[in-house]
Amino acid sequence: MQKNSPSMWIATREMEAGGSNRRVVVVGGGLAGALLAKRLQFDANVVLIDSKEYYEIRRASSRCMVEPSFADRTLIPHTDYLANCRVTSSPAIDVTDTEVLTAEGRSFVYDYLVIATGHAVEHCATKTRKQRLEQFHQGSNFIATSRSPPTNLSLDFNVLMVSIADNERIRSSSSVLIIGGGRTGVELAAEIAVDFPGKKVTLVHESSRLLQVLGPNASQKVLKWLKSKGVDVVLDQSIDVESIAEGDTSFTTSSGARITAACHFRCVGRPMGSSWLNKTVLNDKLDRFGRLAVDANLRVRGTKNIFAIGDITDAAGRSGSLAHQHAAVAAKNLKLLLKGGREEKLAMYKPSYSSPAVVSLGRRQAVVQLSFATIKGHIPGWLQSKDSYVAWNRRQMGLESETN
Ligand SMILES: Cc1cc2nc3c(=O)[nH]c(=O)nc-3n(C[C@H](O)[C@H](O)[C@H](O)COP(=O)(O)OP(=O)(O)OC[C@H]3O[C@@H](n4cnc5c(N)ncnc54)[C@H](O)[C@@H]3O)c2cc1C
């Protein structure tokens with residue numbers, strides 16, 4: 001399976017602090033990779049390779065855009081929660097059977113590799129925490145001052161923020177089309193429906209139910225709620241976003257239906273963060289969506305020492321709580337293998353929806369999916385808006401809920 005010989009790399013090979021410790025390289029310092037590195041740091045020689053220097057609590061990003069001071073607690077330097085792990089802040093660009101190469105020309109030998117590069121990063125110029133904090137401040141300035149937001153916005157959290165703070169475009173449109181019924185599309189539709197009850201809102205989603213990251217019960221509740229607010233939800237149909245031109249007001253769905261809307265928002269998924277694997281030994285492990293195929297133990301299919309966790313995998317579901325579970329299972333399995341344990345003892349990944357998953361419905365309501373029930377209304381909405389689960393996330397990293 002060797003494709004690129006390490007000798008071809010003009011790189012500094014990082015011989016990790018040897019000893020009897022085995023070397024575990026974790027690529028990606030999002031929720032899954034960060035938690036895994038934390039759990040494993042005292043069991044092996046762990047290196048975390050992340051394109052940025054900090055872990056970001058993603059579910060709080062939108063709040064940070066409107067309230068930049070909030071970001072301080074949500075951008076956590078990797079070195080704050082990793083006491084015994086080497087961190088390198090440079091994107092991984094290649095991998096062989098034995099090493100990972102970074103963009104800055106260093107290579108890291110591994111006995112075990114964990115790939116956790118999630119979704120492609122939309123804010124690529126923010127390697128440092130300071131840059132990211134500035135981005136939030138600039139974003140909020142833009143929101144506060146902009147009188148003419150762009151006509152078409154692509155999916156990321158900016159969509160929600162522009163609509164919250166400066167809704168000129170929505171305000172001046174009698175009808176709005178939202179393409180994509182994932183978390184962002186649903187939250188945006190809900191927000192418009194609540195803030196602008198007179199507007200015609202159409203939400204087009206390619207699957208048979210909204211919010212596949214949540215269970216069917218939650219999808220059903222959200223659908224019912226949206227309909228009760230007058231949102232026209234079109235399921236099982238898609239719109240080719242590539243074919244949409246600036247200023248278009250008429251859109252054709254995959255079944256040939258025409259939808260007219262004065263403005264539209266693209267809330268279709270970001271690509272996976274796996275393009276760096278395209279020309280590597282793992283290329284044939286990627287599916288057509290760019291996800292890594294994993295087995296029941298979260299190892300990349302057909303490999304013995306390479307794990308994949310979080311959003312990048314083809315395992316069922318994609319959410320913060322599932323990324324959390326992936327990290328726990330992979331850490332357990334790695335600990336077993338590092339101790340020379342038998343393969344038959346490897347833990348199996350079985351997704352559990354026991355951690356709450358929250359989707360906001362306008363400013364005051366939300367749907368919360370718990371292990372025993374799915375609740376809709378003002379109480380989950382209050383919980384979501386209060387802290388965006390930042391304190392909980394920080395505790396997962398072993399940190400105080402507040403910064404000093
Ligand atoms: C705005 C937003 C809000 C969300 N809200 C919620 C919510 O309320 N509840 C919920 O359960 N889930 C939520 N999610 C989803 C949740 O955040 C993800 O499921 C979770 O972050 C997945 O974690 P991950 O580690 O797999 O990937 P990511 O968080 O995408 O992290 C990937 C990491 O890999 C790094 N990386 C990428 N490419 C490379 C490379 N080549 N080399 C090195 N590093 C690389 C990135 O810098 C990043 O640190 C939200 C996501 C977003 C974007």
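A residue counts as near a molecule if its C-beta atom, placed from the backbone, lies within 6 Å of it. The model is predicted: local features need pLDDT of at least 70, side-chain atom pairs count only at pLDDT 80 or more, and totals for chains, interfaces and linings use all residues. Residue numbers start from 1 along each chain as its sequence is written.

**Exercise 1.** State how many residues surround the ligand, and where they come from.

Solution.
Step 1. The ligand is surrounded by 34 residues, the closest being G28, G30, G118, G310 and G320.
Step 2. Two or more shell residues come from each of α1 (31–40), β3 (45–50), α9 (320–338) and β19 (357–361). Helices (H or I, at least four residues) and strands (E, at least two) are DSSP runs, numbered from the N terminus.
Step 3. Domain 1 (6–51 + 90–122 + 271–352) and domain 2 (129–269 + 357–387) each give at least three residues to the shell; the bounds come from an automatic or database domain assignment.

**Exercise 2.** Give the strand order of the open sheet and explain which strands stand at the edges.

Solution.
Step 1. The order of the 5 strands is β6-β3-β2-β10-β18, with parallel pairing; two strands pair if DSSP finds at least two bridges between them.
Step 2. β6 (86–89) and β18 (306–308) each have a single partner strand, so one side of each lacks a neighbour in the sheet.
Step 3. On average, neighbouring strands are turned by 15 degrees against each other, direction ignored.
Step 4. At one edge, β3 and β6 pair over 4 bridges in the parallel sense, and V47 stands opposite R86 in β6.

**Exercise 3.** Describe how α9 packs on the sheet and how α1 crosses α9.

Solution.
Step 1. α9 touches β2 (23–27), β10 (112–115) and β18, and its direction makes about 175 degrees with that of β10. Contact requires C-beta atoms, placed from the backbone, within 7 Å. Axes are lines fitted to C-alpha atoms, for helices over the stretch in contact, and angles run from 0 to 180 degrees between N-to-C directions.
Step 2. The axes of α1 and α9 come within 8 Å, crossing at roughly 35 degrees.
Step 3. Residues making this contact include L31 and L35 of α1 and A323 and A327 of α9.

Conventions: Contact = placed C-beta atoms within 7 Å.
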